[in-house]
Amino acid sequence: MPRDLEHDDSETMDEIDSQSMAAAEPRRRSDGTDPAETDRETVLELDGVVKEYAAETAVDSLSLSVREGELLTLLGPSGCGKTTTLRMMAGLECPDGGEVRLGGEVVADESGHVKPENRDVGLVFQDFALFPHLTVAENVAFGLTEADDEETARRVDELLDLVDLSGHREATPDELSGGQQQRVALARSLAPEPEILLLDEPFSNLDVRLRVEMREEVRQILKEAGVTAVSVTHDQEEALSISDRVAVMNDGTMEQVGTPESVFEHPESRFVASFLGQAGFLSAWHEEGTVVTPIGNFAPQRLNGLTTEYAGTDLDVLVRPDDLRATVVDESEADGHIIHRQYTGPSFVYRVELDNGDVVHCQHNHVKELDIGKPVRVELDADHTLAWYPPEDESDGKSESATERVSESARPR
Ligand code: ATP
């Protein structure tokens, strides 16, 4: 029997009401940019870029703008075309269609491209690619071919100070830790003051602990240098924690570009929702004034952008583990049963199969251990509005549909 969840969390609802009102007049655009920053210069632009390898289209009509001073991360599963996109930005690959513009100038289109050494780009490779026989200072000075000795020495000092390696200037790379080698690679790429810095999976060669430490450090260095940067990763946590904006790719195309908060909390597609952390979907029905779900009824204000205009439609509501709580109850009061338990250290994540067949995840503090097979009541405990989608089998046009009734404008943005 559906329970009415609206009455017992009025404080949260007040907050959500004000969030929905704020959402009606968004301060940010859907690509995560702030209208107040409209004058920020576009440094790099991909315009309908295509890259094909034999029968495979690795990148398909991809468009993206990178703005001055931002750190933008290309995120997506293995093989989705991130590295190919970065290589076209660098000039290491020539697109088969579309245009790449750097500082407003076309540097690549299907007729040809400007080589990397003639573009004002810096590159940081996965393996850092330091010269083993050169000292730290010589590695950093390597790209400063146009500066005189005095200027080179000044710039090397400045960069070693920036990456906190002034005490290691005479060391060779094999005398440094992984994190220190990465900072040398960063300093070397920043030395000629490139218009844009491109980082290909910059943390993948570091162990897990160092990776987390270096994320913070690298972001701080890039911000201090004021450089525009594009990074590539398949690690969601890394992308969300270091980026100003995240560009989520799937199968050679761009799924969504936005701030880490907007792509995580308001994913525009099921793919983005599922790629950025565990996602569960509640099969819901929107009647005027309420949203009926297998775990109870919600006020429509709990769903981002849902209005009475869409009354009478089916919806799938996105719920993540931290949005739900499970409580063991009698079989007669249960919404479903625990079918799996995952220990993550700080918490347990329980997989619950609801009576209607939906599968959701509930996260609990690690001291709260629930047994597999137990009947549970599942409650919503989210302090933000939830994203929603037209049901999957209908969104591909197979059936007469809510899709026709739920217009694009109602999709989470
Ligand atoms: P990963 O995270 O595994 O590095 P990715 O998202 O960076 O993956 P890409 O390396 O850009 O993906 O590859 C995209 C697709 O293009 C893949 O299917 C890959 O096999 C193909 N591809 C990439 N480079 C080449 C190449 N030089 N020749 C043929 N196919 C290629």
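In what order do the five strands of the open sheet lie? The order is 16-20-17-18-19, and the pairing is antiparallel. This report describes that sheet and its setting in a predicted model.

## The protein as a whole

The protein contains 11 helices and 21 strands. It has 413 residues, of which 39% count as buried.

Contacts between residues with a separation of 6 or more can also be examined. Of these contacts in the protein, 67% are between residues 24 or more positions apart.

## The open sheet of five strands

Strands of a sheet pair through backbone hydrogen bonds, in either a parallel or an antiparallel manner. In the open sheet described above, the pairing is antiparallel. Strand 16 (324-328) and strand 19 (359-365) stand at its edges; each has a single partner strand, and therefore one side of each is left without a neighbour in the sheet. From one strand to the next, the twist averages 40 degrees.

The pairing of strand 16 can be followed in detail. Strand 16 runs antiparallel to strand 20 (residues 375-380), and five bridges join the two. Arg-325 has Glu-379, in strand 20, as its bridge partner.

## The hairpin of strands 1 and 2

Strand 1 (residues 42-53) and strand 2 (residues 56-67) also run antiparallel, joined by eight bridges. One of the pairings involves Val-49, whose bridge partner in strand 2 is Leu-62.

Which residue in this hairpin takes a positive phi? Ala-54 does so, with a value near 45 degrees, in a hairpin that has two residues between the strands.

Definitions and conventions. Residues are numbered from 1 along each chain as its sequence is written. This is a predicted model: local features need pLDDT of at least 70, side-chain atom pairs count only at pLDDT 80 or more; totals for chains, interfaces and linings use all residues. Two strands pair if DSSP finds at least two bridges between them. Helices (H or I, at least four residues) and strands (E, at least two) are DSSP runs, numbered from the N terminus. Axes are lines fitted to C-alpha atoms, for helices over the stretch in contact, and angles run from 0 to 180 degrees between N-to-C directions. A residue is buried if 20 or more other C-beta atoms lie within 10 Å of its own, exposed if 12 or fewer, and partly exposed in between; C-beta atoms are placed from the backbone. Two residues are in contact if their C-beta atoms, placed from the backbone, lie within 7 Å.
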